[in-house]
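Visitor: I am new to this structure and should like to be guided through it. May we look at it together?

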Amino acid sequence: MNRIGIIVVGALLALIILASTLFVVDQRQYAVVYGLGEIKEVVSEPGLKFKLPAPLQNVVVLDRRTQTLDSPESKPIFTAEKKSLVIDWLLKWRITDPRLFIRALGTDMRDAENRLSPIVQAALNEEVTRRTVGAVLSTEREKVMQGVISRLADDAKSFGIEIVDVRIKRVDFSVSITDAVYRRMQSERQRVANELRSQGAAEGEKIRADADRQREIIVAEAYRDAQKLKGDGDAKASALYADAFGRDPQFAQFYRSLEAYRSTFRSKSDVMVLDSSSDFFKAMRGSGGAK
């Protein structure tokens, strides 16, 4: 029984030792084999690999894929015109020499990015300070990025990495300049709005004046037509009166004298009496005509 237990324990120890000598390398990784604090081997081919058991040899894995580094903070950069710009950038890089990378930057990718960020920012500052705002924004934007890549080439080689690409994501003025530009745009829009309002007011006055003129013309023409119609009516009325009075001159003379008397009275009761008398005479005249 003791013999069987010793055999089992020995087999387990052998498996543990054998397992510690095996490691798998992924195609997306570099495997760096350390031996007593020194780099013994860099394995880049994927597959199952062998090493000495720990602690004689250890394995550190590095990502060989393209890494992305965003600008950690946006610091203002002065152009050749002494204008302050805030630029957000993006860096694409990957490890090409794991030995140099570990010696220069260590095995932690975050430490490597912390070292790369100020170097990229300094290279970008050197390129932007040589150019104007218009060049950075449009005409020479590609040249700025290529200049940053060329400036980073020597540092990248010493770090064991390759700079794949540098891109400018956003270019903007600093807060103070942005506020000044916004106020200038606001005042310009206010000026345009006031100009449009004044033009609208002038156009409104012109329209109102034209409407008043047309109203006066319409009223004058209507008054003219009304007076013409009134004159025609008075003429026809006078002709009718003349024709009616011409048929009975004595009654016409009596009616004129009665109208003269009516015009001399102011009292309502007198006028009513005269109206009654007039109605009476008209009735008499009508009866006489019937006879």
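Guide: One definition comes before the tour: two strands pair if DSSP finds at least two bridges between them. Please note also that this is a predicted model.

Visitor: Which residue is the bridge partner of Tyr34 in E3?
Guide: Strands E2 and E3 run antiparallel and are joined by five bridges. One bridge involves Tyr34, whose partner in E3 is Ile39.

Visitor: What is the order of the strands in the open sheet of three strands?
Guide: The pairing in this sheet is antiparallel. Strand E3 (38-43) and strand E5 (57-63) are the edge strands, each pairing on one side only. The order is therefore E3-E2-E5.

Visitor: Which helix packs on the sheet?
Guide: The helix touches E2, E3 and E5. Its direction makes about 140° with that of E3. The helix is H2.

Visitor: Is the aromatic pair of Trp93 and Phe101 stacked or edge-to-face?
Guide: A search of the whole structure finds one aromatic pair. The ring centres of Trp93 and Phe101 lie 6.2 Å apart, and their planes meet at 25°. Planes under 30 degrees apart count as stacked, so the pair of Trp93 and Phe101 is stacked.

Visitor: How many residues does the largest nonpolar core have?
Guide: Both Trp93 and Phe101 are buried, and they are among the residues with the most contacts inside this core. Ile163 is another of these, and its contacts include Leu91, Trp93 and Ile149. The number of residues in the largest nonpolar core is 37.

Notes. Residues are numbered from 1 along each chain as its sequence is written. This is a predicted model: local features need pLDDT of at least 70, side-chain atom pairs count only at pLDDT 80 or more; totals for chains, interfaces and linings use all residues. Side-chain values use heavy atoms; hydrogens and water are left out. Rings of Phe, Tyr and Trp (its six-membered ring) pair if their centres lie within 6.5 Å; planes under 30 degrees apart count as stacked, over 60 as edge-to-face and the rest as tilted. Buried means under 20% relative accessible area, exposed over 50%, partly exposed in between (1.4 Å probe, protein chains only). A nonpolar core is a set of buried Ala, Val, Leu, Ile, Met, Phe, Trp, Tyr and Cys residues joined through side-chain atoms within 4.5 Å. Contact means heavy atoms within 4.5 Å. Helices (H or I, at least four residues) and strands (E, at least two) are DSSP runs, numbered from the N terminus. Axes are lines fitted to C-alpha atoms, for helices over the stretch in contact, and angles run from 0 to 180 degrees between N-to-C directions. Lists of a residue's contacts leave out its neighbours within four places in sequence.
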